[in-house]
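Q: Please take a close look at the shell around the ligand. Set it in the context of the whole protein.

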Amino acid sequence: MPETKTLSTRWMVASDYDSVMQIERASFDHPWSLDVFLKLQRASSRSCIGMVAQYRSQIVGFVMYELLKSRIEILNFAVNPDYRRLNIGSLIVEKLKNKTIQQKRSELFLSLRETNLGAQLFFQKCGFLAEAVIEDYYQDTGEAAYVFRNRLERTGKEFAPGLSPTNRISKIMESG
Ligand SMILES: CC(C)(COP(=O)(O)OP(=O)(O)OC[C@H]1O[C@@H](n2cnc3c(N)ncnc32)[C@H](O)[C@@H]1OP(=O)(O)O)[C@@H](O)C(=O)NCCC(=O)NCCS
């Protein structure tokens, strides 16, 4: 089983896209196209960051996240199906929690499809709580999104509906 010392993480670079797209396609019924990854990585104003996890020189997982004013949104996250349930996802989340604190943000959050029970259980295990439901969030299936959030510094503030995330991928693709 990989441990923190054998699993390394680094920024995603162009030569990682083949491996990342293989994991993406193997992980989702509605995978992102390469174009979405490229647009997010190029959109410097959006502060989107891609990170890959490497184990024994192989890319075994990745995460795309966005630095927002006071929090970090996980936009996409997957582990190679052959390497699941080996703690790799948990180690990536631990790295993200450290980055959130280092970047002086107070929480990590993401939207999950209502049917993605495996990921919901995973993020629950990582200390996230389901705090909001956004109906008709995913344009492809009309599914609701469950917003999972992990507060790294308790603020005492309740989840404000006005702060609900928008469907960023649709927006990015629409903006051309
Ligand atoms: C969700 C995902 C990233 C988890 O990665 P992983 O490396 O397998 O996770 P871990 O091994 O660290 O799992 C830690 C714990 O989370 C829970 N867990 C993880 N996957 C689970 C699943 N499919 N069903 C139930 N519980 C799960 C378990 O409690 C697990 O501990 P255990 O293996 O000792 O029982 C991976 O399943 C994945 O890539 N899924 C497809 C992509 C996806 O849905 N991404 C999220 C939306 S962007």
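**The shell around the ligand and its setting**

A: Among contacts in the protein with a separation of 6 or more, 61% are accounted for by residues 24 or more positions apart; two residues are in contact if their C-beta atoms, placed from the backbone, lie within 7 Å. The model is predicted: local features need pLDDT of at least 70, side-chain atom pairs count only at pLDDT 80 or more, and totals for chains, interfaces and linings use all residues. Residues are numbered from 1 along each chain as its sequence is written.

The protein has 5 helices and 7 strands, taken as DSSP runs numbered from the N terminus (helices H or I, at least four residues; strands E, at least two). Along the sequence they follow the pattern β-α-α-β-β-β-α-β-α-β-β-α.

There are 19 residues around the ligand, and R84, G89, S90, G118 and L121 come nearest; a residue is near a molecule if its C-beta atom, placed from the backbone, lies within 6 Å of it. At least two shell residues come from each of β4 (71-79), α3 (88-102) and α4 (117-125), and α4 gives the most, with 5 residues. By type, the shell holds 9 nonpolar, 7 polar and 3 charged residues. Here Ala, Val, Leu, Ile, Met, Phe, Trp, Tyr, Cys and Pro count as nonpolar, Asp, Glu, Lys and Arg as charged, and the others, Gly among them, as polar.

As for the wider setting, 27% of the 176 residues of the protein count as buried, that is, with 20 or more other C-beta atoms within 10 Å of their own, C-beta atoms being placed from the backbone. Not counting residues up to four places away in sequence, L96 touches V63, Y65, I72 and L108.

Terms used: Buried ≥ 20, exposed ≤ 12 C-beta atoms within 10 Å, placed from the backbone.
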